[in-house]
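Colleague: Could you take a close look at one part of this predicted model for me, the surroundings of a single ligand, and then lead me from there through the rest of the structure? I am in my first year, so please go step by step.

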Amino acid sequence: MSSKPGWREIPIGAVLLEPGSSVKVRTGDWRTFKPIIDQSKCVRCLLCWIYCPDASIKVIDVNGKVDHVEIDYEHCKGCGICERVCPRNAITMKPEGE
Amino acid sequence: MTVSSGELKKARIVGLTGDEAVAQAVKQCDVDVISAYPITPQTIIVERLSEFVANGELDAEFVPVESEHSALSVVTASALTGARVFTATSSQGLALMYEILYITSALRTPVVMAIVNRALSAPINIHCDHSDTLGARDSGWIQLYGENVQEAYDLIFQAYKIAENRNVLLPVMVCLDGFTLSHTLERVELIDDQDALSYLPKKLCYPFPINPERPATYGPLALTDFYFEFKVQQAEAMRQALSVIPQAMREYEKISGRHYYFFDAYGLEDADVAVVCLGSASGTMRYIARELRKEGHKVALVKLTVYRPFPTEELVSALEDMKVVIAMDRSLSFGAVGGPLFEDLRSAFYDHEKRPLIGCIVYGLGGRDLTPSDARSIFKYGLEIAKTGMVPERVKFVGVRE
Ligand code: SF4
Ligand code: SF4
């Protein structure tokens, strides 16, 4: 707590002057179930990327082409939507800490 | 308010009701955005303002809305762009604004709102008491109370001056008693349009006006790690207001010749008993105080103009030599120690060596008239306490049928 700025140091009215700062909030801490992708089943259809409400599916390109998808665990809240929409059952939700 | 002589422009004198005077002042403040929903006894304020906008006398955006909740939302958001804004309401309308009241103050938007005091339902009642605004005393708004139509007019200018001060940036309620002031025609001295504009801060005082070139987030989530800090900032702004308010009042005196302070005191120099009250009842109370003083009773009247922030130190030093202080509350705090003004006053004296006996009078609920004989009985009650050295009842109701 003491590493955070005091009341004199922050803008009044809770205005966030820097746009896009939500990237810095580690919403991944809220997760209780963690999506795991089985790359051997995944066909890169990107349905998970379309449906993820937290933009936490990262598409990794190699030479301008989709190579594979990964999960951004810093921001993934573990809602499980990606697991439901995956047509290949390539995603499984595992309890955190397992 | 006392009139001082000095070199001033000749004032234009007109006859206006309280509502019309508020509208006139708002026009002279050159506001940019007005949003409101009609409610008795406030309606005439925004009716007049909509006429000023419609006939071109005032270059402002007038946003008619479907509720007071929306009216305050519109002006709060408009203030975030740096606009000077205004709204007005009464009673149930203020109650419906409750959610936004706290947001307006927490976003630090310098909104000015006139409240024409009216009792809260139920039973439904359109007449004056202070339960609407006193209920909102913890919402982070500065509260100013006018005694007469002239003061309601003058306080609008001072409200913008205070609200828009960079060290304050808090919303301000200018309160005037329903019907007694809002619908009563009185003599009003208008200040000069140019004087008004040079008295007020330059527009765009809000430090982070919404600007597409510089995107920012307004009203974000602040949880256990930050919320507390923002509340302390608001408390600090209220503390700052205690020095900004008298300064704004002194500067207003220069253009108007009318003196304002946190409170107006009559007869304190030699009094034993002082009565403290808010709003239009002060006129009757002062009149009776004058009569009683002629009869040899040492009584005084303190009319409180600024209720939030509560001028604790100033009131304590003004009243410390009294034997008895009577707080007149025109609202009830059910189940509390006493009325809100009484509680504030009594608590203000707790740390002080010299503590007068303090009594609470509740009067005038739902517009019940405060008659001169009621006023006399209130002073007599105080004089009786001074004689016996004890307060017989913590809260005494005046003007109610047993
Ligand atoms: S669990 Fe939910 S938040 Fe996480 S990657 Fe899947 S869809 Fe996105
Ligand atoms: S939905 Fe399934 S198959 Fe499609 S990209 Fe995502 S993980 Fe791979």
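**From a ligand shell to the rest of the model**

Modeller: Ligand 2 is enclosed by residues of chain A, namely Cys42(A), Val43(A), Arg44(A), Cys45(A), Leu46(A), Cys48(A), Cys86(A), Pro87(A), Arg88(A) and Ile91(A). Sorted by class, this shell holds 8 nonpolar and 2 charged residues, with no polar ones. Please keep in mind that everything here is read from a predicted model.

Ligand 1 also has its surroundings in chain A, where Pro35(A), Cys52(A), Pro53(A), Ile57(A), Cys76(A), Lys77(A), Gly78(A), Cys79(A), Gly80(A), Cys82(A) and Met93(A) stand around it. The classes in the shell of ligand 1 come to 8 nonpolar, 2 polar and 1 charged.

Still in chain A, the side chains of Arg31(A) and Glu96(A) meet in a salt bridge, with 2.6 Å from N to O. This pair links distant parts of the chain, since Arg31(A) belongs to the segment before β1 (33–37) and Glu96(A) to the segment after β4 (91–95), 65 residues apart. The two partners can be placed by their accessibility: Arg31(A) has a relative accessible area of 11% and is therefore buried, the cut-off being under 20%, whereas Glu96(A), at 34%, counts as partly exposed.

From chain A we can step across to chain B. In this interface, 20 residues of chain B are in contact with 14 residues of chain A. The size of an interface is often given as the accessible area lost when the parts come together. For chain B and chain A the buried area is about 1700 Å², and carbon and sulfur atoms give 74% of that. The rule finds 1 salt bridge across this interface, and it is formed by Lys4(A) and Asp225(B), whose closest N and O atoms are 2.8 Å apart. On the side of chain B that touches chain A, helix α9 (residues 227–256) gives the most, with 5 residues. By class, that side of chain B has 13 nonpolar, 3 polar and 4 charged residues.

Within chain B, helix α1 (residues 18–28) deserves a careful look. Of its 11 residues, 11 are buried, so the helix is largely enclosed by the rest of the structure. Among these buried residues are Gly18(B), Asp19(B), Glu20(B) and Lys27(B). After α1(B) comes Asp30(B), with a positive phi near 55 degrees.

Lys27(B) also leads us out of the helix, as its side chain meets that of Glu57(B) in a salt bridge of 2.6 Å, N to O. Glu57(B) lies in the loop between α2 (43–54) and β4 (61–64) of chain B while Lys27(B) is in helix α1, so the pair ties together parts that are 30 residues apart in sequence. With 18% relative accessibility Lys27(B) counts as buried, but Glu57(B), at 45%, is partly exposed.

Another salt bridge in chain B joins Glu151(B) and Lys303(B), with the closest N and O atoms 2.6 Å apart. Because Glu151(B) is in helix α7 (residues 149–163) and Lys303(B) in strand β13 (residues 299–304), this pair ties together parts that are 152 residues apart in sequence. Glu151(B) and Lys303(B) are both buried. They belong to one network, in which salt bridges that share partners join Glu147(B), Glu151(B), Asp264(B), Arg286(B) and Lys303(B). Over all chains, a search of the whole structure finds 30 salt bridges.

Tyr260(B) shows a polar contact instead, its side chain being joined to that of Asp154(B) at 2.7 Å. Tyr260(B) sits in the loop between β10 (258–259) and β11 (263–266) of chain B, and it is buried, with a relative accessible area of 4%.

Finally, let us turn to the backbone of chain B. The peptide bond between Ser121(B) and Ala122(B) is cis, with omega about -5 degrees, and the bond from Ala122(B) to Pro123(B) is cis as well, with omega near -5 degrees. Ala122(B) is in the loop between β6 (112–117) and α6 (131–135). Arg108(B), although not a glycine, has a positive phi of about 65 degrees; it is found in the loop between α5 (98–106) and β6, and it is buried at 4% relative accessible area. Leu169(B), likewise not a glycine, has a positive phi of about 45 degrees, lies in the loop between α7 and β8 (172–177), and is buried with a relative accessible area of 1%.

Technical notes
Residues are numbered from 1 along each chain as its sequence is written. Chains are lettered from A and ligands numbered from 1 in the order in which they are written. This is a predicted model: local features need pLDDT of at least 70, side-chain atom pairs count only at pLDDT 80 or more; totals for chains, interfaces and linings use all residues. Side-chain values use heavy atoms; hydrogens and water are left out. Contact means heavy atoms within 4.5 Å. Buried area is the accessible area (1.4 Å probe) that two parts lose on being put together, summed over both. A salt bridge is a side-chain nitrogen of Lys or Arg within 4 Å of a carboxyl oxygen of Asp or Glu. Helices (H or I, at least four residues) and strands (E, at least two) are DSSP runs, numbered from the N terminus. Ala, Val, Leu, Ile, Met, Phe, Trp, Tyr, Cys and Pro count as nonpolar, Asp, Glu, Lys and Arg as charged, and the others, Gly among them, as polar. A residue is near a molecule or strand if one of its heavy atoms lies within 4 Å of it. Buried means under 20% relative accessible area, exposed over 50%, partly exposed in between (1.4 Å probe, protein chains only). A polar contact is a pair of N or O atoms within 3.5 Å; within protein, one must be able to donate a hydrogen and the other to accept it, and residues adjacent in sequence count only if both atoms are side-chain atoms.
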